[in-house]
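Me: I should like to go through a structure by question and answer. Please show it first.

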Number of protein chains: 2
Amino acid sequence: MSGIGSSLVSPPRYRSRPPRPRSEGKRTRIVDAAMRHFAEQGYHAARVGDIAAVLGIAKGSIFQHFGSKDGLFFEVYKKAVRSFPRYLDAPVEVRERGFFEVLHYWLVRTEHLLHEDWIPYRVSLLGNYGTDLTLKREINRFLMAEDPYGTVAFVRYGVQRGELLAEMDQEMMVSILDWTMERFQDALLTEELDPGLFRRQGDPQEKKDARITQFLDVLKRAIGA
Amino acid sequence: MSGIGSSLVSPPRYRSRPPRPRSEGKRTRIVDAAMRHFAEQGYHAARVGDIAAVLGIAKGSIFQHFGSKDGLFFEVYKKAVRSFPRYLDAPVEVRERGFFEVLHYWLVRTEHLLHEDWIPYRVSLLGNYGTDLTLKREINRFLMAEDPYGTVAFVRYGVQRGELLAEMDQEMMVSILDWTMERFQDALLTEELDPGLFRRQGDPQEKKDARITQFLDVLKRAIGA
DNA sequence: GAGTCTTATGACTTGAGGTCAGATATGAGT
DNA sequence: ACTCATATCTGACCTCAAGTCATAAGACTC
């Protein structure tokens with residue numbers, strides 16, 4: 001844990017310009033193996049040496065490519081988050097039914113996506129709550145810069161359709177949506193990934209559905225037109 | 001970072017029953033020094049050895065008392081959070097003006113409290129976002145068990161006064177309040193403690209007040225009667 | 001003041017992140 | 001093919017902080 005912010009982002013010095021294809025491929029393989037490892041072990045328990053061993057390469061190699069454990073995790077986190085769908089990626093017929101139908105679609109859907117591949121979800125959980133404030137700052141910068149879930153566009157969409165309050169500050173609505181959706185999904189997901197991490201223990205399916213509906217009602221009242 | 005959950009909570013084995021007064025006093029002194037140190041350095045950069053050095057005691061002593069760095073931090077975190085006021089600690093005249101006036105009171109007030117003593121706020125930030133999922137789980141258990149801000153009682157108060165929706169699940173309202181208040185306060189506070197940690201950079205005071213009003217409006221719509 | 005329990009000490013062990021000089025591969029130019 | 005420059009890989013090595021533990025010191029009881 002270096003703590004030097006800059007070393008997090010800037011890759012090794014000799015990377016003067018062109019990332020050779022061989023290098024690019026190896027980076028990808030490292031990130032994939034690391035993603036799995038972080039997801040399984042958690043940030044602290046994960047060992048860079050173990051990741052190298054799994055890949056059959058030298059530990060030093062990983063540090064050449066990513067500079068530090070932080071740096072490696074940051075790449076892993078970005079890849080994980082980028083693999084998630086954006087709000088407006090919902091099917092057209094869902095989108096046509098409106099803003100809150102899209103939200104409903106994704107809330108229900110998240111659970112299925114989780115079962116298909118829980119690894120990136122665990123990584124995003126780690127990035128959001130389980131690393132270090134220094135890293136968290138990088139992560140927040142990334143989330144603000146990329147808006148990976150497309151929340152901004154989604155809110156604009158809701159306003160254009162007249163489903164969201166036109167007179168409310170859009171940035172406020174984006175924040176509210178980000179905050180509550182993240183927490184609500186964490187609460188749903190961690191029942192399976194990390195029992196006890198957030199409120200409540202596993203509920204039966206019908207209660208989950210009821211909670212989703214209830215949660216959407218709250219949101220509708222909060223920012224709906 | 002042991003990762004063994006139990007070692008986190010259960011202090012050293014020989015603590016069969018009665019915590020002698022001498023021991024209790026020393027624990028307190030260690031926790032206070034550690035709180036300052038964690039707040040200043042962050043979780044990872046903080047060194048148990050440094051804390052011991054400041055106190056002029058042996059590092060081993062700290063481990064005797066708290067078992068691990070995690071264990072020490074957990075105590076520090078609990079103390080920090082317990083030092084915060086509960087919602088219903090607001091002055092009577094504010095309480096009489098109603099649920100949302102109490103919220104407003106604390107949102108404005110938080111900034112002042114922060115300036116008086118930023119240390120526990122930073123520690124709570126560390127506990128919420130900057131340590132480890134294992135520790136985070138303990139922390140969430142603690143928050144659920146103790147409800148240190150008195151959110152449950154506060155929501156009940158709002159319902160009794162007829163200011164909150166009687167027909168909505170109270171636990172849902174508690175969650176919504178916890179989630180959004182925490183994040184909103186983080187956003188306000190970290191502008192000063194950790195610029196760039198959350199959305200937006202420092203705004204002028206009048207914009208902050210406007211945001212508070214706006215945020216309260218959202219909450220009123222969301223869960224208000 | 002002997003005996004017993006509690007607490008403090010600091011040298012020691014462990015182990016993971018990180019470094020770097022040298023070995024090795026790659027690819028272009030001739 | 002051969003050379004040479006550049007990119008990449010390696011693994012022994014270093015650093016440093018968490019955590020351990022045998023021993024010493026203190027405190028309390030009778």
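Me: Where does B:Asp147 lie in chain B?
Reply: This is a predicted model. B:Asp147 belongs to neither of the two flanking helices, H9 (133-146) and H10 (151-160) of chain B. Its place is the loop between helix H9 and helix H10 of chain B.

Me: What is the phi of B:Asp147 near?
Reply: B:Asp147 is a residue other than glycine, and its phi has a positive value. That phi is near 45°.

Me: Is B:Asp147 exposed, partly exposed or buried?
Reply: A residue is buried with 20 or more other C-beta atoms within 10 Å and exposed with 12 or fewer. B:Asp147 has 15 such atoms within 10 Å, so B:Asp147 is partly exposed.

Me: In which loop of chain A is A:Asp147 placed?
Reply: A:Asp147 has a positive phi, near 45°. With 15 C-beta neighbours inside 10 Å, A:Asp147 counts as partly exposed. The loop that holds A:Asp147 is the one between helix H9 (133-146) and helix H10 (151-160) of chain A.

Me: How many helices and how many strands does chain A have?
Reply: From the N terminus on, each element of chain A is an α element. The count for chain A is 12 helices and zero strands.

Me: Which element gives the most residues to the side of domain 1 of chain A that touches domain 2 of chain A?
Reply: Chain A is divided into domain 1 (5-81) and domain 2 (85-223), and 17 residues of domain 1 are in contact with 15 residues of domain 2. Helices H1 (5-9), H2 (21-41) and H5 (69-82) of chain A each give two or more residues to the domain 1 side. That side divides into 12 nonpolar, two polar and three charged residues. With eight residues, the element that gives the most is H5(A).

Me: How is H3(A) oriented with respect to H4(A)?
Reply: The axes of helix H3 (residues 48-55) and helix H4 (residues 59-66) of chain A come within 8 Å and cross at roughly 110°. Angles of 65 to 115 degrees count as roughly perpendicular. Therefore H3(A) is roughly perpendicular to H4(A).

Me: Which residues touch the most other members of the largest nonpolar core?
Reply: The core has 100 residues. B:Val76 touches B:Val31, B:Ala34, B:Met35, B:Phe38 and B:Val123, not counting residues up to four places away in sequence. The residues that touch the most other members are A:Phe38, A:Val76, B:Phe38 and B:Val76.

How values were computed: Residues numbered from 1 in each chain as written. Chains lettered and ligands numbered in written order. Predicted model: local features only at pLDDT ≥ 70, side-chain atom pairs only at ≥ 80, totals over all residues. Domains from an automatic or database assignment. Contact = placed C-beta atoms within 7 Å. Helix = DSSP H or I, 4+ residues; strand = E, 2+ residues; numbered from the N terminus. Nonpolar A, V, L, I, M, F, W, Y, C, P; charged D, E, K, R; others polar. Axes fitted to C-alpha atoms, helices over the stretch in contact; angles between N-to-C directions. Parallel < 35°, antiparallel > 145°, perpendicular 65-115°, else oblique. Core = buried A, V, L, I, M, F, W, Y, C linked by C-beta atoms within 7 Å.
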